[in-house]
Amino acid sequence: MNERKKNMTKNIFKKCICFVLCGTMASALAFTTGGVKEAKAVNPIVQDVYTADPAPMTCSDGRLYVYTSHDEDETLNGFFTMNDWKCYSTTDMVNWTDHGTVLSYHEFEWAKENSSWACQCIERNGKFYMNVPINAKNGQTAIGVAVADSPTGPFVDPIGEPLIGPAPNYIDPTVWIDSDGQAYLYWGNPDLFCVKLNEDMISYDKDLNEDGFVNGIKTWNLETRDFPELSSVTDDNKYISSGEYANDASDELKDAQSQFGVGIRVDNKKVRRPTLYEERPWFYGRNGHYYMVYAANGIPERIDYSMSDSPLGPWEYKGVILDEKMEDNDGTGSFTNHSGVVDYKGHSYIFYHTGRLNDGHGYHRSVAIEEITYNDDGTIETAPMTNNGVDAVDTLNPFERVEAETIEYSNSLKASDKDRLGKYGVEKEPVADTPSDVCLTDIQNEDYVCVRNVDFTQWGAVSFTASCASDAGNGKSAGKIELYLDSTDGDCIGECDVVAGADDKTFVENKIELDKNVVKGTHDLYLVFTGDDSKDNLFRFDYWKFTQGPVPTATPTQGPVPTATPTQAPAANPTQAPAAQAPVQTKDKAADTSVSVPGKVKSIKAVSKKKKITVKWKKTKNAKGYRVRYTLDKKFKKGVKSIKTRKTRAVIKKLKKGKTYFIKVDAFAADKKTYGKVSSVVKVKVK
């Protein structure tokens with residue numbers, strides 16, 4: 001294993017937006033043989049790019065997809081800079097697979113750049129329909145639609161023109177298909193609009209002029225200018241900001257406020273918004289109730305909702321789902337906050353965005369997620385916005401191909417333990433010309449990714465395979481992938497040497513054998529990348545896979561098959577080895593179980609920094625692992641603690657500053673019971 005160096009100067013163009021919640025990382029765990037331990041997700045859920053306006057969708061393939069807008073790293077004119085939409089998916093709510101850019105404004109010939117706002121995708125009859133708000137070339141906003149045969153595209157514009165608009169404030173579309181097959185499309189800021197989509201999902205009846213529809217569009221007038229009586233209302237004695245003005249409102253305004261709340265925003269002593277509704281409607285039905293969830297209450301926005309017994313209202317304002325504060329009582333870091341709601345695997349979730357990623361702000365936003373709860377009457381409990389996210393609802397199967405871009409979070413071992421919003425970690429790019437086929441890139445020494453809740457089963461894993469590409473030179477080592485369980489300071493279960501192919505476009509499978517007796521149960525898996533400290537990109541990483549250990553054949557229900565007695569001769573079969581060889585095989589197998597005693601651990605060194613001690617030593621002959629013992633008692637009789645590891649280093653944490661600790665190391669054999677000679681004792685004063 002390459003020795004990890006410290007304080008590396010990163011490429012200044014490295015995207016400074018990878019993040020880890022060190023305070024919430026799981027502590028190192030002993031090997032387990034079963035059961036699912038609790039795994040917490042990370043908010044934000046994507047750390048290598050800025051994402052916003054999340055739109056979740058449960059798919060017929062069993063996965064949950066979330067589509068997002070994309071805030072560019074560099075903003076133009078200090079405003080939203082957004083040109084495409086991205087897609088991520090999961091089966092466990094913890095690990096997210098990056099499907100890259102699935103659509104951009106370029107697909108719409110009538111669209112203008114830098115206007116790829118909040119989208120939503122919906123599945124119908126095997127097709128996927130992306131509804132997106134974009135500025136038309138005349139500068140006005142419009143709703144476009146793109147269609148694909150896959151949830152990850154490629155999406156194409158089937159009509160060559162806007163589905164709706166262009167017109168002022170035509171943004172933020174949301175679509176729901178009701179139980180009777182009728183699809184509804186809502187949108188708008190700050191007014192709210194709706195059309196009934198035709199079954200083809202790419203058109204609507206523009207001649208519909210009944211039930212509140214005019215030329216196919218139904219409108220909820222929610223702007224101040226829609227209510228002339230507000231022109232003379234001022235905030236004297238907090239008449240507006242207290243909400244008191246609603247008592248004297250017209251019947252029309254009272255009706256709007258009963259549906260979407262009493263707006264208390266003030267602009268130059270005038271009513272800024274007469275209701276709480278601002279933008280980004282999210283419409284859906286559930287258990288006979290219909291919900292309109294929306295960004296509310298001005299700057300900074302929070303998430304409120306209204307309910308109805310009909311998909312077309314009238315609505316009844318119900319209250320707040322997410323307020324504008326995080327659990328630490330700080331703001332979200334973003335003045336907008338758009339949401340999407342979905343049910344998946346027996347749980348209900350609300351997606352939203354914050355500005356809490358590194359260098360985040362109102363124009364650099366990132367998608368987060370919380371679980372929500374419905375009451376018996378259908379109302380929604382207010383939920384906190386957290387740094388921890390949600391629990392895993394399933395385990396990850398490591399015995400099928402796992403895309404390398406399936407990540408819970410990524411960072412670098414060089415990041416400070418206190419750096420909650422880390423600046424280091426891998427990036428991603430298309431494998432080839434297909435935007436939705438992504439691999440990890442810009443991998444540097446000591447970068448790592450974490451995959452949560454990986455189920456190696458009780459049968460364990462016997463090998464690991466990784467598909468990588470590099471420009472290191474055909475057949476040469478480009479670096480290593482080190483595998484750790486439960487933390488980067490946990491047990492190292494293997495080191496996979498990455499051998500380069502012909503070039504950095506040629507992916508080669510690299511395989512190592514593992515001890516199935518060690519790699520068992522459910523663990524968090526950390527893939528740590530090591531190599532030349534001077535290289536900006538050690539290799540590209542496409543996918544990985546473990547091979548499961550042998551699974552015993554189930555005993556037949558009718559009873560065991562009789563074993564042949566010594567007097568019975570087996571039937572002749574020229575393809576099988578003679579029966580006489582069996583005793584020899586048994587003897588050899590027994591001989592293989594003998595234990596080789598490990599050698600003495602030598603060259604032990606220990607260094608202290610920030611209430612921690614890092615201990616290193618040389619690899620020991622016949623060692624399958626090491627035990628590090630430490631104490632404040634130089635005679636090792638009191639307060640002795642120990643750490644076991646399979647690598648030649650260990651980090652001892654939570655030590656007492658200013659105290660001197662005594663440390664020694666010995667190696668253990670394959671049976672985990674036989675130990676070699678102990679090292680010399682080193683003493684270190686904790687800094």
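Of the 687 residues of the protein chain, 53% count as buried, where buried means under 20% relative accessible area, exposed over 50% and partly exposed in between, using a 1.4 Å probe and protein chains only. The model is predicted, so local features need pLDDT of at least 70 and side-chain atom pairs count only at pLDDT 80 or more, while totals for chains, interfaces and linings use all residues. Residues are numbered from 1 along each chain as its sequence is written, and side-chain values use heavy atoms, with hydrogens and water left out.

**Exercise 1. Take stock of the chain.**
Work out how many helices and strands the protein chain has, and what share of its exposed area carbon and sulfur atoms supply.

*Solution.*
- Step 1: Run through the secondary structure: there are two helices and 41 strands. Both are DSSP runs numbered from the N terminus, helices being H or I with at least four residues and strands E with at least two.
- Step 2: Now the surface. The chain exposes about 30900 Å², and 48% of that is supplied by carbon and sulfur atoms. The areas come from the Shrake-Rupley method with a 1.4 Å probe; for residues, only the protein chains shown count as cover.
- Step 3: Look at contacts, meaning heavy atoms within 4.5 Å. Among those between residues at least 6 apart in sequence, 64% join residues at least 24 apart.

**Exercise 2. Find the nonpolar cores.**
Identify the residues with the most contacts inside the largest nonpolar core, and the strand that gives the most to it.

*Solution.*
- Step 1: Set the rule: a nonpolar core is a set of buried Ala, Val, Leu, Ile, Met, Phe, Trp, Tyr and Cys residues joined through side-chain atoms within 4.5 Å.
- Step 2: Apply it. The largest core has 43 residues, with Tyr67, Phe108, Met130, Phe155, Val293 and Ile321 having the most contacts inside it. Strand β6 (residues 127-135) gives the most, with four residues.
- Step 3: Check for another one. A second, separate core has 35 residues, including Leu440, Val454, Val519 and Phe541.
- Step 4: Zoom in on isoleucine 321. Leaving aside neighbours within four places in sequence, its contacts include Val293, Ile303, Tyr305, Ile350 and Ile372.

**Exercise 3. Sort out helix α1.**
Which residues of helix α1 (residues 251-260) are buried, and where do they sit around the axis?

*Solution.*
- Step 1: The buried ones are Leu253, Ala256, Gln257, Gln259 and Phe260.
- Step 2: They cover an arc of only 160 degrees around the axis, so they lie on the same side of α1. The arc is that of the directions from the helix axis to the C-beta atoms.
- Step 3: Ask what covers them: β16 (277-286), β17 (289-296) and β19 (316-322) are among the elements that do.
- Step 4: Just past the helix, α1 is followed by glycine 261, whose phi is positive, near 85 degrees.

**Exercise 4. Trace two open sheets.**
Give the strand order and the edge strands of the five-strand sheet, then of the four-strand sheet.

*Solution.*
- Step 1: The five-strand sheet runs β1-β2-β3-β4-β24 with antiparallel pairing; two strands pair if DSSP finds at least two bridges between them. Its edges are β1 (50-58) and β24 (406-407), each pairing on one side only.
- Step 2: Inside that sheet, β2 (residues 64-71) and β3 (residues 84-90) pair over six bridges, and valine 66 has tyrosine 88 as its bridge partner in β3.
- Step 3: The four-strand sheet has the order β5-β6-β7-β8, again antiparallel, with β5 (120-124) and β8 (164-167) at the edges.
- Step 4: Five bridges join β5 to β6, and glutamate 123 is partnered by phenylalanine 128 in β6.

**Exercise 5. Hunt for backbone oddities.**
Which peptide bonds leading into proline 166 and proline 190 are cis, and where does phi turn positive in aspartate 211 and lysine 345?

*Solution.*
- Step 1: Recall the baseline: most residues other than glycine have a negative phi, and most peptide bonds are trans.
- Step 2: Glycine 165 and proline 166 are joined by a cis bond with omega about 5 degrees; proline 166 is found in strand β8. The bond from asparagine 189 to proline 190 is also cis, omega near -5 degrees.
- Step 3: Aspartate 211 has phi near 55 degrees and is exposed, with a relative accessible area of 59%.
- Step 4: Lysine 345 has phi near 50 degrees and is partly exposed at 38% relative accessibility.
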